[in-house]
Amino acid sequence: MAPLSVDSLRKSYAGREVVAGVSFALKPGECFGLLGPNGAGKTTTLRCCLGLTAPDSGSITLAGEPVPARAREARARVGVVPQFDNLDPDFNCAENLLVYGRYFGIGDALIRARIPRLLEFAGLAGKEKTSIRVLSGGMKRRLTLARALINDPDLLILDEPTTGLDPQARHLIWERLKRLLADGKTILLTTHFMDEAERLCQHIAIMDAGRIMVQGSPRELIAGQIEPQVVEVYGEDAPGWAQATAGQFSQRHEISGETAFCYVADAAPLLAHLAQHPGLRTLHRPANLEDVFLKLTGRELRD
Amino acid sequence: MIAVPFRPQLTVRAFAVWRRNYLVWKKLAIPSVLGNLADPMIYLFGLGYGLGGLLPQVGGVPYIVFLAAGTVCASTMNAASFEALYSGFSRMHVQKTWEAIMNAPVSLDDVVAGELLWAAAKATLSGTAILAVVTALGFVHSPLALWALPAIFLTGLCFAAMGLIVTAVAPSYDFFMYYFTLLVTPMTLLSGVFFPVDQLPAAFQGAAQFLPLTHAVHLIRPLLQGQAPDAVWLHVAVLGAIAIVAFWIALALTRRRLLS
């Protein structure tokens, strides 16, 4: 049984279709990444999945329960890490977990028994009595993750779990999420960090303007959607050079500011050509998920 | 779109929300109770003795005894209103506590019901604390005053539910000033807290009959003075009906705000 399946989901606000026919399903034990620029409809999709917003049409099954009809029952089997921290500032770490466990109807004795292990998992061992107000951003995120595990859920839903964290804190979150996957949990996460998706996710769906544009494993998407090699060309002369010449050597190229991105199957002829232009600096690398993402969603700024 | 099934879906999970607020309050219980007592007691003694000294008996009793019952009612109203407005808004909008709770298997209806019961409980505590003080000072003699406790709770429920409507539509804390200035303050003056309603011009006396605080005063003041109130069930019904209707409206508005 899929921990979560979504079929033909639609949701409009004031005549604007924010989610425009989204379908996907999670396999047990996988990490599924929902990627997209700001405003793509990721958070609305998650809200619908949790039964916090009624969709206009489509069907959702979460933890075996139809949503929104039995969303409350479904949420009992799910842990959620929201995009913005909403820990209880009036409580210390242990109280945050205790009070949250009560919302699941778990008895105090069982919650108290789980707290030390959860805090240890969050790298907050011994901080039972520490006030939330003195925790760093990374510590708060980890405590929020621990809070989402208070009911020992089968499925974790994380909305941009590492946005705003420094690299150290981000790596620690990734390591913990991998541990949860190793324990057999299923994870659905949204992100706009491609390295995060590439590291963690077995399956990715790229969303834009309310639609899923492509789905697949990171490798499949890179192999199927884009040329395998990228040559980035920098310098004042790069845009002019690219407009005149890049088409001769590359299947596709894009110009962004003073950088030209050349997408090629074989980079050797292009690199040989560029070697004769000392004014242009180059970076040759394999194509990655970010290239796929930018190809599909464009380079324009999203607000 | 207000596609709201208009039947509140309530479960016992509302008490988990209540307990959350109780746990926060418990940390600051003593200053909180003292804070709730200080302001009304200052008015009670200042006006009760200062102004009361100039007056003959009011409603057949010394003015401070008359005012004590009014103070119990007004404090209950204020405590319920402050909790439902300022504290409720903090939890709903600023701290996003309600959103966190709704990610657990707790419905918004349970959250709002938990807040309603919590604000009513805190108001009951506030009203009861003043009742205890005025009893200790010898202004209340009759055991009938015990019946004031459920009346205080009902008053708390009524004003908590009304406050939750305002919270549901508030863009910011500043908005609450309208509610206090345009509704709570005039109501305090029109409902017989400080002086008998029959001192008012006839039109205001008529208007006073539509104010929930008037009914709370009609219930609670006789009980504190050892008399059975007239038309008990009318006052109970008015307070109860306002509580139910206001809760229902608050729920519909909060659903529209948070679940659309």
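Mentor: Quick term before we dig in: pLDDT is the predictor's confidence in each residue, from 0 to 100. We need that here, as this is a predicted model.

Trainee: Okay, so which helix of chain B has the lowest confidence?

Mentor: Chain B as a whole has a mean pLDDT of 94, with 98% of its residues at 70 or more. At the top end sits helix 6 (residues 148-169) of chain B, at 98. At the bottom end, with a mean of 91, is helix 2 (residues 29-51) of chain B.

Trainee: Over to chain A. How far apart are the centres of domain 1 and domain 2 of chain A?

Mentor: The domain assignment splits chain A into domain 1 (4-216) and domain 2 (227-286). Taking the centres over C-alpha atoms, the separation is 40 Å.

Trainee: Is strand 13 of chain A covered on one face or on both faces?

Mentor: In a regular strand, side chains alternate between the two faces of the sheet. For strand 13 of chain A, T259(A), F261(A) and Y263(A) sit on one side and are buried. A260(A), C262(A) and V264(A) are on the other side and are buried too, so buried meaning under 20% relative accessible area, the answer is both faces.

Trainee: And which residue of strand 13 of chain A is the bridge partner of Q229(A)?

Mentor: Strand 11 (residues 229-234) of chain A runs antiparallel to strand 13 of chain A, with six bridges joining them. In that strand 13, Q229(A) is partnered with V264(A).

Trainee: Which residue in the turn between strand 12 and strand 13 of chain A has a positive phi?

Mentor: Those two strands run antiparallel, joined by five bridges. They form a hairpin with two residues between them, and the one with a positive phi, about 60 degrees, is G257(A).

Notes:
Residues are numbered from 1 along each chain as its sequence is written. Chains are lettered from A and ligands numbered from 1 in the order in which they are written. This is a predicted model: local features need pLDDT of at least 70, side-chain atom pairs count only at pLDDT 80 or more; totals for chains, interfaces and linings use all residues. Side-chain values use heavy atoms; hydrogens and water are left out. Domain bounds come from an automatic or database domain assignment. Helices (H or I, at least four residues) and strands (E, at least two) are DSSP runs, numbered from the N terminus. Buried means under 20% relative accessible area, exposed over 50%, partly exposed in between (1.4 Å probe, protein chains only). Two strands pair if DSSP finds at least two bridges between them.
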